[in-house]
Amino acid sequence: MPKKSAIVLMLACVAASAFGADLSIPYIGLLTNGRLNAAGAFELSTRVGIDMLIEGGAKFDAWFKLGFRTAAVEEYLRAAESLTSVPADATLADLAESASNLEAATGLSLRTVAIQVKGLFGTPLEMATFVGHLDTFCSGSDFTTLFGASDFATKFRGYMYYPDGIGGDPSRRYDGLHEAYGTGLRFSYPLESIRPYLYAYQDSWLGAGYYSLDARALVDADNVKLEAFAGASFPVSAVGVYRAGLLFYFDTGAIGDFYAQIGIPRWDPTEAFRMDMLYFMFEPRVDFGPGELVLSLFFHPAYYLQRATSESGAMEFRFDIGFGAITEGSFRSGVEAELSYNPNLDTNTLTMDAAPYLQTIRNGVRWDIRLAIRAFPFPDPWYGMFMPTVGISTAF
């Protein structure tokens, strides 16, 4: 293991033992994609995600999260092999280069360090000081952890459906509308069905010397889930940049439900307003007894997480018909159809895919198996039409 990664892991274990904290691994995931590479060969690429969580016990309320994220395990293994198979006559520069390649391929990193004080000034107010990644806005996931709601977030997110990341950057993915990332403070006032937040932090999406302020609120009701946020960052332009977003979910209790994300990830008042500043996803879902029909329209924003996406004006329309439920011992199977348009590409701006899939949970392990088939344009060579994906994940 490279020196930096070993130090990070050692510090995590020391922190856990020194403070009597609980060390756990809440998530492990493997995602393997198969597709043609630039040379025309069929290639498998595996993405690994591991979260290690250290939580404070009776002495303090804190958490410390490590993550292992690598876009292609194969690159890491090649880098590791190059270090262990260095020839006897290798120079010091050769060794340094091999070690550097392995370090670059290693995804072990510090994700979050946070300490939270409850009952601030004798009130229900909570204050957390944090470094790293904290909360994701308008993804829907927090309703499960905060209020015990069932998972209603769209499945059309993350690397399962965007294996190349955002704009070809595999380190970024679509999940929610914004994420608090940096060094700062979070204030919250927990109520039974409402959770307001205020964030003030140096924004690591932008870099040192740039600061952000975000206000956020979640409202949980029986059939309605609502989340909204608004924020600003300085000194990005002459008057700063701003953002806002809304997540809305409505369960009819009978014929289906409706899910929507609408937001502006970045707005600079010194520039003219454009439609590609918008991020929106509309997703009606129809329950017809043995199965469910989902229609999803996603319009990509020009900016996401404070950076340009190179996907301005891109959009996807998906049709998904599935049968069964994703529960322990059960199966859900179906077929997805996707029509995608991306005007930023030189070729294949319009594509059509069909993808049969199978999902199940066995012994706490979730399996997602999907075979995307390119219908248009027909690839050359022909076997490039097949793009399998296998996802294996577990939550402890």
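In strand S8, Tyr211 is the bridge partner of Gln202, and this pairing offers a way into a model that is predicted, in which local features need pLDDT of at least 70, side-chain atom pairs count only at pLDDT 80 or more, and totals for chains, interfaces and linings use all residues. Residues are numbered from 1 along each chain as its sequence is written, and side-chain values use heavy atoms, with hydrogens and water left out.

The protein chain holds 5 helices and 20 strands, where helices (H or I, at least four residues) and strands (E, at least two) are DSSP runs numbered from the N terminus. Two strands are said to pair if DSSP finds at least two bridges between them, and the table lists two such pairs.

| Strands | Sense | Bridges |
|---|---|---|
| S6 (residues 178-188) and S7 (residues 194-203) | antiparallel | 7 bridges |
| S7 and S8 (residues 211-220) | antiparallel | 9 bridges |

A hairpin of 5 residues joins S6 to S7, and Ser188 stands opposite Tyr197 in S7.

Strand S7 also gives two or more residues to the largest nonpolar core, as do helix H4 (142-147) and strand S10 (241-251), among other elements. Such a core is a set of buried Ala, Val, Leu, Ile, Met, Phe, Trp, Tyr and Cys residues joined through side-chain atoms within 4.5 Å, buried meaning under 20% relative accessible area with a 1.4 Å probe, protein chains only. Of its 37 residues, Phe143, Tyr174, Tyr199 and Tyr259 touch the most other members. Leaving aside neighbours within four places in sequence, Tyr199 is in contact (heavy atoms within 4.5 Å) with residues including Leu134, Phe137, Leu185 and Leu213.

Methods
Buried means under 20% relative accessible area, exposed over 50%, partly exposed in between (1.4 Å probe, protein chains only).
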